[in-house]
Amino acid sequence: MKPASFDYVRAESIAHAVRLLSGAGGDAKIIAGGQSLMPMMNFRLVKPSLLVDINSISGIDSIERVGDKLRIGALVRHRMTAESADVTMSIPILHAAMKHVAHLTVRNRGTFCGSVCHADPAAEMPMMTLLLNGVVNASSVRGNRTILAHEFFAGSLMTVLESDEMVTSIDIDTLPEGAGWGFEEFSRRHGDYALAAVAVTMVASGGVARDVRIAIMGVGETPLRISGLEEMVAGNAVNDRLKDDVIHALGDSIMPNSDLNGSADYRRHLAGALLGRAISNAWTRANRGHA
Ligand code: FAD
């Protein structure tokens, strides 16, 4: 299919982009990598009257260290995130997650921030932003604001971003020294969207797990952090009994949908299996004292 007709402007700066968004009265869309927007437009699921292309804006295509966080600019492509030495060294779990994202052509164009704005519940970057206590930096003609990741995702393909706002960057936590991590995903073919994935980080101290984070996707309308599961693991040594208890508790706290790719029961079982493995791997790495 072909998209409905639209106007196109190449923005020269963030100020220019947000003026264009504001002037379109809610009917404009930013195009970054175009890897999700163009298919949506071709299927006429979205019909913006104006595309604001941000690809020529300078200064938003780098990954920078800001205190104990990494700041990922709006034009950082998936490939840049995957190959970044800063990411590999300070957030190895993100480096591992990026290996599961799509195929080379998509990874060369698609952006981390575009994926978070698109908010596909089966995409890796929204889940990693939630796991890593992400902060979304947004601009509009009304000024700048920051939105915490756990308040950003409003539903499948829905966020709290206003139609006149541009995400300029996203800040994500680096992992503490010696933190362990586990990332487990299942998809039908490599590079496909996940049926389910689980990401876990923790620190081992005094023989128990601390600072435990657990994020899950593919089992709800948005990626999830389930604090009850994190609290079950924190303060304990990881063993088979604890993992069984956590997997059981996960089953009670999620309500996956049935679809062509699998029934709700299958997704619940899959998420539990991935969770058990991710917790084991995080614990093992944490006890080795390095990620
Ligand atoms: P675009 O397509 O340009 O935009 C997507 C949406 O975000 C639009 O609504 C746009 O207006 C908005 N937007 C973009 N940037 C901004 C901004 N800075 N501020 C405000 N709004 C913005 N993703 C995965 O995570 N895992 C996969 O396995 C995967 N597989 C894929 C396989 C195929 C064949 C394809 C085509 C895509 C796949 N994707 C996958 C999606 C891919 O990661 C996209 O690149 C990503 O979802 C969107 O990023 P983008 O830069 O292309 O955004």
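Start by selecting helix 1, residues 14-23, and colour His-16, Ala-17, Val-18, Leu-20 and Leu-21, which are buried there. These buried residues pack against strand 1 (7-10), strand 2 (28-31), strand 3 (50-53), strand 6 (135-140) and strand 10 (166-173). Here, buried means under 20% relative accessible area, exposed means over 50%, and partly exposed lies in between (1.4 Å probe, protein chains only). Contact means heavy atoms within 4.5 Å. Helices (H or I, at least four residues) and strands (E, at least two) are DSSP runs, numbered from the N terminus.

What you have open is a predicted model, in which local features need pLDDT of at least 70 and side-chain atom pairs count only at pLDDT 80 or more, while totals for chains, interfaces and linings use all residues. Residues are numbered from 1 along each chain as its sequence is written, and side-chain values use heavy atoms, with hydrogens and water left out.

**Stop 1: around helix 1**

Stay with helix 1 and bring strand 6 and strand 10 into view: the helix lies across both and runs at about 120 degrees to strand 10. For such angles, axes are lines fitted to C-alpha atoms, for helices over the stretch in contact, and angles run from 0 to 180 degrees between N-to-C directions. Now click on Gly-25, which follows helix 1 and has a positive phi near 60 degrees.

**Stop 2: the five-stranded sheet**

Next, show strands 4, 5, 10, 6 and 7. In that order they make an open sheet of five strands with antiparallel pairing. Strand 4 (63-66) and strand 7 (143-148) stand at the edges with a single partner strand each, so one side of each has no neighbour in the sheet. From one strand to the next, the twist averages 25 degrees. Two strands pair if DSSP finds at least two bridges between them. Zoom in on strand 4 and strand 5 (residues 69-73), which run antiparallel and are joined by four bridges. Val-66 has Lys-69 in strand 5 as its bridge partner.

**Stop 3: a loop and a ring pair**

Select Ala-119, in the loop between helix 7 (112-118) and helix 8. Ala-119 is not a glycine, yet its phi is positive, about 60 degrees. Is Ala-119 buried or exposed? With a relative accessible area of 3%, Ala-119 is buried.

Then show the side chains of Phe-152 and Phe-153, both buried. The structure holds one aromatic pair. Phe-152 and Phe-153 form this pair edge-to-face, 5.3 Å centre to centre and with 90 degrees between the planes. Rings of Phe, Tyr and Trp (its six-membered ring) pair if their centres lie within 6.5 Å; planes under 30 degrees apart count as stacked, over 60 as edge-to-face and the rest as tilted.

**Stop 4: the four-stranded sheet**

Now show strands 11, 12, 13 and 14, which form an open sheet of four strands in that order, with antiparallel pairing. Strand 11 (180-186) and strand 14 (224-225) are at the edges, each with a single partner strand, so one side of each lacks a neighbour in the sheet. Add helix 8 (residues 124-131): it lies across strand 11, strand 12 (196-205), strand 13 and strand 14, at about 150 degrees to strand 13.

Strand 13 (residues 208-217) deserves a click of its own. Eight of its 10 residues are buried, so strand 13 is largely enclosed by the rest of the structure. Eight bridges pair strand 12 and strand 13 in the antiparallel sense, and Val-200 has Ile-214 as its bridge partner in strand 13. In the hairpin of these two strands, which has two residues between the strands, find Gly-206 with its positive phi near 60 degrees. Asp-211, also in strand 13, has a positive phi of about 50 degrees although it is not a glycine. Asp-211 is partly exposed, with a relative accessible area of 42%.

Follow strand 13 towards strand 14: this hairpin has six residues between its strands, and Gly-218 in the turn has a positive phi of about 90 degrees.

**Stop 5: two last side chains**

Select Glu-230 in helix 10 (residues 227-233). What does Glu-230 touch? Not counting residues up to four places away in sequence, Glu-230 touches Val-212, Arg-213, Ile-214 and Arg-225. Glu-230 is buried, at 10% relative accessible area.

Finish at Trp-181, where Arg-285 lies over the ring face at 3.7 Å from the ring centre. A charge sits over a ring if NZ of Lys or CZ of Arg is within 6 Å of the ring centre and within 35 degrees of the ring normal.
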